[in-house]
Amino acid sequence: MSKDSALATIAVYSLKGGVGKTTFAINLAWASATISKRRTLLWDLDPQAASSWMLSTDKESRDAAQAIFSKDVDIHKLIQPSTVPGLDLIAADTSLRGLDHLFRELDKKKRLAKLIENLGRDYDRIILDCPPGLTETSEQVLRAANLIVIPVIPSPLSQRAMGEVARYLMQRGGAHAPIFPVYSMVDRRRSLHRKATEEQPEWTAIPMASMIEQMTVRRKPLGDFAPSSPPAKAFAGLWATIERQVLTPR
């Protein structure tokens, strides 16, 4: 496998909910599959299963998502095509609510990383839609990812949460994937948002837009129905930056 096609795992993660995490995961996965033509898998690890609801082609609830981790289940059996051509999906379901407890019981710190490694022959990019919070699941994600994309709303609370993640990683010590913060839901009419984006001009900023709300109505990524819209262009630009990041040797 050449360096250009080697597997890279991008985790979309936040300590807080409500920051646009699923919007990021879906649009980045779409960009990977459609713009970069990568063999792409979106793995929904959040028991709320928003990404799965948006993109799943399988309407049956299987309650099998946790079985990948706990039993001798072939991970490939839970992979399904999504509604986006070229993008596969491992859907979430309510069984993931017990995943933190399971990881503690298994006491296998790199279980997720091992499963991802097994997918390396089939995919170039794996996007993880992660549950919020500092949990056993997030520990697994932080070990498995090559890049951690953190959506940050330009507000003191959201920025504080971002700082908590950075401190947590420093306290853990050892090597960890680079953190890649991105401003989410930016409304430049608000002075707080303008100030925040001016203080971190190097961060990509995804604008607040009613078009993003249309994703849940249409159950499609932005690039499928509004490719010329400002948020779609912002996500495409963000993906191009992420591709450069994961292709750069560390």
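This report walks through a predicted model, from its sheet to its helices and two unusual loop residues.

## The sheet

Let's start with the strands. Eight of them form an open sheet with mixed pairing, and the order runs S3-S4-S2-S5-S1-S6-S7-S8. At the edges you'll find S3 (79-81) and S8 (205-207), each of which pairs on one side only. Going from one strand to the next, the twist averages 25 degrees.

Over by the S8 edge, S7 (residues 179-186) and S8 run parallel and are joined by two bridges. If you want a spot to look at there, try Val186, whose bridge partner in S8 is Pro207.

## Strand S1 and its neighbours

Strand S1 covers residues 8-12, and five of its five residues are buried. Which residues lie on each side? Ala8, Ile10 and Val12 are on one face, Thr9 and Ala11 are on the other, and all of them are buried. In other words, S1 is covered on both faces.

S1 sits between S5 and S6 in the sheet order. With S5 (residues 125-129), S1 runs parallel and shares five bridges, and here Ile10 stands opposite Ile127. With S6 (residues 147-152), the pairing is parallel too, over three bridges. On that side, look for Ala11 standing opposite Ile148.

## Helix H5: one face in, one face out

Now for helix H5, which spans residues 111-118 and has Leu112, Leu115 and Ile116 as its buried residues. Look down the axis of H5 and these buried residues fall within an arc of 100 degrees, so they line one face of the helix. There's a simple bit of helix geometry to keep in mind: with 3.6 residues a turn in an α-helix, residues three or four places apart point the same way.

What do the buried residues of H5 pack against? Their partners are S1, S2, S5, H6 and helix H3 (67-70). Turn to the other side of H5 and you'll see Lys114 and Glu117, which are exposed.

## Where H4 crosses H6

Two numbers help when describing a pair of packed helices: the angle between their axes and the distance between the axes. For H4 (residues 99-106) and H6 (residues 136-144), the axes come within 7 Å and cross at roughly 70 degrees. That makes H4 roughly perpendicular to H6.

Who meets whom at this crossing? H4 brings Leu99, Asp100, Phe103 and Arg104, while H6 brings Glu136, Thr137 and Gln140. It's a mix by class: the contact has two nonpolar, two polar and three charged residues.

## Two loop residues with positive phi

Most residues other than glycine have a negative phi. Lys37 goes the other way: its phi is positive, at about 55 degrees, although it is not a glycine. You'll find Lys37 in the loop between helix H1 (21-35) and strand S2 (40-44). Is Lys37 buried or exposed? Lys37 counts as exposed, because its relative accessibility is 64%.

Ala49 also has a positive phi, of about 60 degrees, and it is not a glycine either. Ala49 belongs to the loop between S2 and helix H2 (50-55). Here the surroundings tell another story: with a relative accessible area of 14%, Ala49 is buried.

Note on methods:
Residues are numbered from 1 along each chain as its sequence is written. This is a predicted model: local features need pLDDT of at least 70, side-chain atom pairs count only at pLDDT 80 or more; totals for chains, interfaces and linings use all residues. Side-chain values use heavy atoms; hydrogens and water are left out. Axes are lines fitted to C-alpha atoms, for helices over the stretch in contact, and angles run from 0 to 180 degrees between N-to-C directions. Helices (H or I, at least four residues) and strands (E, at least two) are DSSP runs, numbered from the N terminus. Angles under 35 degrees count as roughly parallel, over 145 as roughly antiparallel, 65 to 115 as roughly perpendicular and the rest as oblique. Contact means heavy atoms within 4.5 Å. Ala, Val, Leu, Ile, Met, Phe, Trp, Tyr, Cys and Pro count as nonpolar, Asp, Glu, Lys and Arg as charged, and the others, Gly among them, as polar. Buried means under 20% relative accessible area, exposed over 50%, partly exposed in between (1.4 Å probe, protein chains only). Two strands pair if DSSP finds at least two bridges between them. The arc is that of the directions from the helix axis to the C-beta atoms.
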